[in-house]
Every structure is written in C-alpha cells, then in structure tokens.
Amino acid sequence: MEATRLDDSTANRLLGIAIDNIQRDHPVHWTHVIDGDHRLVPQRELHPVFAGSFDWHSCVHQTWLAVRLLRLRPALAGADAARDALDKLITHENCVVEAGFFASPAGRYWERPYGWAWLLLLDAELRTSGLPWSVAPIADVLRNRWLEWVSAARLPIRTGTHGNTAFATGLVFDAALATGDAELASACADAALRWHRDEVAYGGFEPDAADFLSPALTTADLMRRALGTADFGAWLDAYLPDLASPRWRVLREPFPVDDPGDPYGSHLAGLALSRAWNWEAIADSLPAGHRYTELARTASAAHREAGWTYVFGGHGYMADHWLGTFGAYLDVKAC
C-alpha cells in the first residue's frame, strides 16, 4: 500500500531517526542466555547487522522502516545518508554471521516470534523492492524456523507485548503474500484458524500496563487476513458480540498515557498507534453495511490522533528507539 498521509517532511524525520538508531551501539538490552564469561562479547560481534536501536527486534524494524521509506520516497533529503549506513550494515558477510547464530541451538527460540516476524517482513520488502540489499541468509534460516514452530503450535500467546502470536503471524502472512510464498502463507492461515476460529465472546481486560498491542484487535487483524470478507464479519460478530457496549469503551477510545518516557509508558503510547491500524484494517475488511464498520473507523481516527502526539514528543530514548516505526506503519503498511 502506498503512503497517503505521511508527508515528506515527516518521512524524512523518521528516516533520520531510524538511521541514527540502527548505527548506535548503546544503550543496548542484552537478552542472551550466557553459559560462560567467554560469551560476554559486544552485541555487534554476535549481530553485526542488527546490534543498534536498543535491542535486536527494534533494530530490525527500524531497518525495515528505513528500507520501506527509501522504496516509497527515494528522493527524501536523508536518502543518501541512509543508503550509506545500510551499505555498511547489510553485507553478505554480516548476514552470514547472523544466520549462523539463528541456525545454532541458541537461535531456535531467541526473538521468536516478534523479531522473526519483522525480519521476514524486512526480507520481503527487500526481495520485492529492487533495492540493492539482501538479508536472505538470515531469512532463509528464520523461514524454516518459523515453519517448524508455527505448524506445531497448538496454542497462541494472547498478550499485549512481544510474545503476541497474532501480531507476528499477521506480519509473516503479509511477507509471504508479498513474495508469493504459498507454503508460508498457508502455514500462517492454518495457525490463525487453529488458534482463533472457534473463539467467541472475548472477555479479556485491556490494556495491561506494558501493552503496546491489543490482544483482541491483533487477533481480529490476523483473522481478517485468514478469512474472506463475509466470514470475517460473522467471526467478528461472534468474537466481540457486544463491541458497541460500555464494556468496550476502553478498547474503542485511546487510553491515557501518564509518562511516555517510562519504558512501559512508551508501550502505551505505541498501543494507540497499533490500535489505530488494527481498527482501520478491521473496517476495511468488513462486509458492506456491517454494524461495526463506522465504529471501527471512528476508533481508528481517535487512536491515530492520540498516537501521533507521542512520536516526536521528546520523551527520550525508550520511546524514540521504536515509536517511529509504529507511527509510519500506520500509513505505509507493509510490502
């Protein structure tokens, strides 16, 4: 989908933030299991492509953002600097090192599913864009890891943070469709139906303090991919039969963010953005005349307005290292 609301000035600002983030080594959040002091090496030795932007998955999706913007807006003022940075980071040699980690026993679970999903989306963007970089060595390993995992996973993870399986599976589904990978797309669709087809009368309490995703809405966003329009409308009616009731005002309206500079506060800021694109996709996927269409569009607009206030809010690195991706994704989508 082409960008329609992200002007060049905003896009260039986001590009600059992304490029700054992916090149900085600190601060860094290490999440590896260490079995000896010899494993205490700089993050960029283990992950020479994706060591910046605080943690691996944030570096991957900030790289995706840079690549996506270069594809859609190749004449941005910061495009040359972005290309230079990507030339240095995304080399075949660096990707082979990263691929070796994920092919090892340590890489079987690490960054699954959130980081894997963003990597496969980045790979799809590069494969279909004509841009000169490739993360294929890493993507080939993670595609096989993904298929192994998602084909056997009997249960989803319904959370508002990185472990959420619906969000990650939706990204991989989009990547598979963009690249014509029928096996990968089928595995994602099968998992969506296995996990969520028979779910009715969702009853969770949202949001939790650390949520940047809505468990209810990410599930719906995945299911609209796996079901046709008519089937999705019927499924949503059963899944959230009372969506217009006061019970779900907390889902329809943006949640106040007391401290966007706090790590968890920044998550709640991102929640407004992810809910905005969830609601928009839901509205676009419902059959004509469905009772929730206008509700979804109104909710999307409210969350969009609230979420964008945090993207350039000067709330510090805990917000800056990732919120730009979520703000841009709301308009440029994927692939």
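Me: The crossing of α6 and α7 is called left-handed. What makes a crossing left-handed?

Reply: This model is predicted. A crossing is left-handed if the near helix is turned anticlockwise from the far one by less than a right angle. The crossing of α6 and α7 is of that hand.

Me: Why are α6 and α7 called oblique to each other?

Reply: Helix α6 (residues 114-129) and helix α7 (residues 136-150) pack at an angle of about 130 degrees, and their axes are 9 Å apart. Angles under 35 degrees count as roughly parallel, over 145 as roughly antiparallel, and 65 to 115 as roughly perpendicular. The angle of about 130 degrees fits none of these ranges, so the pair is oblique.

Me: How do you know that α6 and α7 are in contact?

Reply: Contact means heavy atoms within 4.5 Å. Trp116, Leu119, Leu120, Asp123 and Arg127 in α6 meet residues in α7, including Ala136, Ile138, Asp140 and Trp146. By class, this contact of α6 with α7 has eight nonpolar, no polar and five charged residues.

Me: What makes α8 and α9 roughly antiparallel?

Reply: The axes of α8 and helix α9 (residues 182-196) cross at roughly 150 degrees and come within 8 Å. Angles over 145 degrees count as roughly antiparallel, so α8 and α9 get that name. The crossing of α8 and α9 is left-handed.

Me: Which residues make the contact of α8 with α9, and how do they divide by class?

Reply: From α8 come residues including Thr165, Val172 and Phe173, which meet residues in α9 including Leu184, Cys188 and Trp195. The contact of α8 with α9 has 10 nonpolar, three polar and no charged residues.

Me: At what angle do α14 and α16 pack, and with which hand do they cross?

Reply: Helix α14 (residues 293-311) and helix α16 (residues 323-332) pack at about 145 degrees, with axes 9 Å apart. The crossing in which α14 passes α16 is left-handed. Arg304, Trp308, Tyr310 and Val311 in α14 meet residues in α16, among them Leu323, Gly324 and Asp331. The residues of this contact divide into six nonpolar, two polar and two charged.

Me: What makes a space a cavity and not a pocket?

Reply: In a cavity a 1.4 Å probe fits but cannot get out, whereas a pocket is an open set. There is one cavity of 30 Å³ or more, and the largest cavity has a volume of about 70 Å³. Its lining includes Phe167, Gly170, Leu222, Arg225 and Tyr329. Helices α8 (165-179), α10 (215-226) and α13 (263-285) each supply at least two residues of that lining.

Me: Why is Gly170 in the lining of the largest cavity counted as polar?

Reply: Gly is placed among the polar residues by the rule used, so Gly170 is one of them. The lining of the largest cavity has six nonpolar, three polar and two charged residues.

Me: What volumes do the largest pocket and the second largest pocket have, and what lies nearest their centres?

Reply: The largest pocket has a volume of about 410 Å³. Of its 25 lining residues, His29, Asp55, His57, Ser58 and His162 lie nearest its centre. Elements α3 (56-72) and α13 give two or more residues to that lining. The second largest pocket holds about 340 Å³ of space. Of its 14 lining residues, His32, Val33, Arg39, Phe101 and Ala106 lie nearest its centre.

Definitions and conventions:
Residues numbered from 1 in each chain as written. Predicted model: local features only at pLDDT ≥ 70, side-chain atom pairs only at ≥ 80, totals over all residues. Heavy atoms only, no water. Axes fitted to C-alpha atoms, helices over the stretch in contact; angles between N-to-C directions. Helix = DSSP H or I, 4+ residues; strand = E, 2+ residues; numbered from the N terminus. 1 Å grid on protein atoms, 1.4 Å probe; cavity = no way out; pocket = protein on both sides within 12 Å on 5 of 7 lines; lining within 4 Å. Points joined across faces, edges and corners; volume = space filled by probe spheres on them.
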